[in-house]
Amino acid sequence: MARIFNFGAGPAVMPQAVLRKAQEELVDWHGSGMSVMEMSHRGKEFLDIAARAEASLRTLMGIPDTYKVLFLQGGASLQFAMVPINLLRGKTRADYLHTGEWSKKAIAEARRFGEVNVVASGEASGFTDIPAVSDWRLDPQAAYLHYTPNETIGGVEFPFIPDAGAVPLVADMSSTILSRPVDVSRFGLIYAGAQKNIGPSGLTVVIVREDLVGQALPGMPIMLDYRIHADNESMYNTPPTFPIYMAGLVFDWLKEQGGLAGMARINERKARLLYDAIEGSGGFYICPVAKACRSWMNVPFTLKDAGLDEAFLKESKAAGLLQLKGHRSVGGMRASLYNAMPEEGVAALVDFMRDFARRRG
Ligand SMILES: *Cc1c(COP(=O)(O)O)cnc(C)c1O
């Protein structure tokens with residue numbers, strides 16, 4: 001069997017050790033005589049699996065006891081709506097930072113429920129940089145400040161946590177969660193679709209400070225109220241049981257990598273290897289993103305001669321390096337280097353890029 005190196009942005013590469021473990025346990029989980037996906041979500045076995053997954057996530061991220069961890073569905077895209085529905089709490093305005101495609105979508109959805117103050121926009125730089133903090137127009141009356149710590153498409157990652165003062169900070173961490181340690185107590189709410197750095201698609205993780213739960217807009221579907229999920233341990237209805245189980249296995253694997261501090265050291269090495277190769281290519285490869293906010297997780301780059309794009313994609317695929325095509329909105333290439341991308345994968349990509357540049361440059 002030959003595994004390729006998968007640089008896709010999501011659904012993305014999973015740790016091979018996790019896939020093997022799931023394969024081992026697939027048909028008969030721990031002598032239960034059934035697969036996890038056949039279990040009742042209210043049975044003892046699955047309740048244990050879910051409780052363990054939550055406990056591991058709490059340990060990995062150092063989540064304080066004053067925060068709820070919710071395992072939901074609907075993707076990060078549903079959180080674009082659930083955040084304003086739940087966090088406006090009688091206020092009319094919310095602050096949003098606009099740094100790329102995903103924050104743009106979050107803003108558009110929030111406008112359906114309230115007034116959005118765009119604190120700052122990266123538009124002038126073509127979303128290749130984070131606007132200077134001195135230019136932000138924060139509203140002290142805002143219900144919350146929303147931002148996207150890592151713009152998966154543009155490859156722009158905040159090297160700092162914004163200071164919102166007393167205003168609750170909300171982060172769409174879909175493509176950066178668990179890639180490095182983070183001080184959860186700085187946030188009112190963190191959400192992430194699972195399919196980048198957590199596990200299979202179908203699961204959305206929400207980490208929310210308890211005092212922000214329970215004031216949803218009236219007249220909304222009950223499923224969109226964090227309170228119903230918090231009060232029912234994410235089991236108000238059938239949760240995505242198999243993705244929760246897989247996420248638990250990924251959390252165990254992360255502990256073996258030295259937790260988030262260990263993962264951060266590996267991720268920094270991987271990112272440096274690729275950015276150095278781009279910088280050292282004499283202009284053959286170009287990364288458009290400002291150096292101070294280059295993402296560790298999603299590395300967009302173009303070829304000086306876009307006429308070589310097709311050859312690059314064809315030959316990289318033949319070399320076992322898959323899903324390198326850039327997002328349709330930006331073109332060029334994008335290499336996603338999530339936690340589960342092994343260092344050998346990045347080394348193989350860099351070797352290929354050097355060889356390709358030598359042959360075609
Ligand atoms: C992928 C992604 C989304 C969309 O996630 P879905 O789970 O498909 O809704 C939103 N925000 C960011 C930052 C992402 O990377």
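Select Pro11 to start: you'll find it in the loop between β1 (5-6) and α1. The names come from DSSP runs numbered from the N terminus, where helices are H or I runs of at least four residues and strands are E runs of at least two. Pro11 is joined to Gly10 by a cis peptide bond, with omega at about -10°.

Before you go on, know that this is a predicted model, in which local features need pLDDT of at least 70 and side-chain atom pairs count only at pLDDT 80 or more, while totals for chains, interfaces and linings use all residues. Residues are numbered from 1 along each chain as its sequence is written, and side-chain values use heavy atoms, leaving out hydrogens and water.

**Zoom out**

Show the whole protein chain as a cartoon. You're looking at nine helices and 14 strands. Its radius of gyration is 21 Å, close to the 21 Å that the globule rule gives for 361 residues, so the chain is as compact as a globular protein of that length. (The radius is taken over C-alpha atoms, and the rule is 2.2 Å times the number of residues to the power 0.38.) Turn the chain around: the C-alpha trace spans about 60 × 60 × 30 Å along its principal axes.

How much of the chain is buried? Of the 361 residues, 53% count as buried. Buried means under 20% relative accessible area, exposed means over 50%, and partly exposed is in between, using a 1.4 Å probe and protein chains only.

Now think about contacts, meaning heavy atoms within 4.5 Å. Among contacts with a separation of 6 or more, 66% are between residues 24 or more positions apart.

**Stop one: Lys196**

Select Lys196, in the loop between β9 (189-193) and β10 (204-209). An unreviewed UniProt entry places "modified residue: N6-(pyridoxal phosphate)lysine" here. UniProt positions are given in the numbering used here, feature names are shortened, and annotations may be inferred rather than shown by experiment. Buried or exposed? Lys196 is buried, with a relative accessible area of 13%. Leaving aside neighbours within four places in sequence, Lys196 is in contact with Ala9, Gly10, Ala12, Ser174, Ser175 and Tyr338. You've met Gly10 already, on one side of the cis peptide bond with Pro11.

**Stop two: Arg42**

Next, pick Arg42, which UniProt lists for "binding site" in an unreviewed entry. Arg42 sits in the loop between α1 (16-25) and α2 (44-61). With 49% relative accessibility, Arg42 counts as partly exposed. Which residues does Arg42 touch, not counting those up to four places away in sequence? They are Leu47, Met235 and Tyr236.

Stay in the loop between α1 and α2 and select His30. His30 is exposed, with a relative accessible area of 56%. Its phi is near 50°, a positive value in a residue other than glycine.

For another positive phi, jump to Arg89, where phi is near 45°. Arg89 lies in the loop between α3 (75-87) and β3 (93-98), and counts as partly exposed at 24% relative accessibility.

**Stop three: two helices**

Select Ser56 in helix α2. Ser56 counts as buried at 5% relative accessibility. Not counting residues up to four places away in sequence, Ser56 touches Phe251, Asp252 and Lys255.

Now go to Leu254 in helix α6 (residues 241-256). Leu254 counts as buried, at 0% relative accessibility. Leu254 touches Leu60, Leu178, Gly259, Met263 and Asn339, again not counting residues up to four places away in sequence. Try a distance label too: the C-alpha atoms of Leu254 and Tyr275 are separated by 24 Å, and these residues are 21 apart along the chain.

**Last stop: Arg334**

Finish in strand β14 (residues 333-336), where you'll find Arg334. Arg334 is buried, with a relative accessible area of 10%. How far is its C-alpha atom from that of Asn298? The two C-alpha atoms are separated by 6.6 Å, with the residues 36 apart along the chain. Display the contacts of Arg334, leaving aside neighbours within four places in sequence: among them are Phe7, Ala9, Thr152, Ile153, Asn298, Val299 and Pro300. Ala9 was on the contact list of Lys196 as well.
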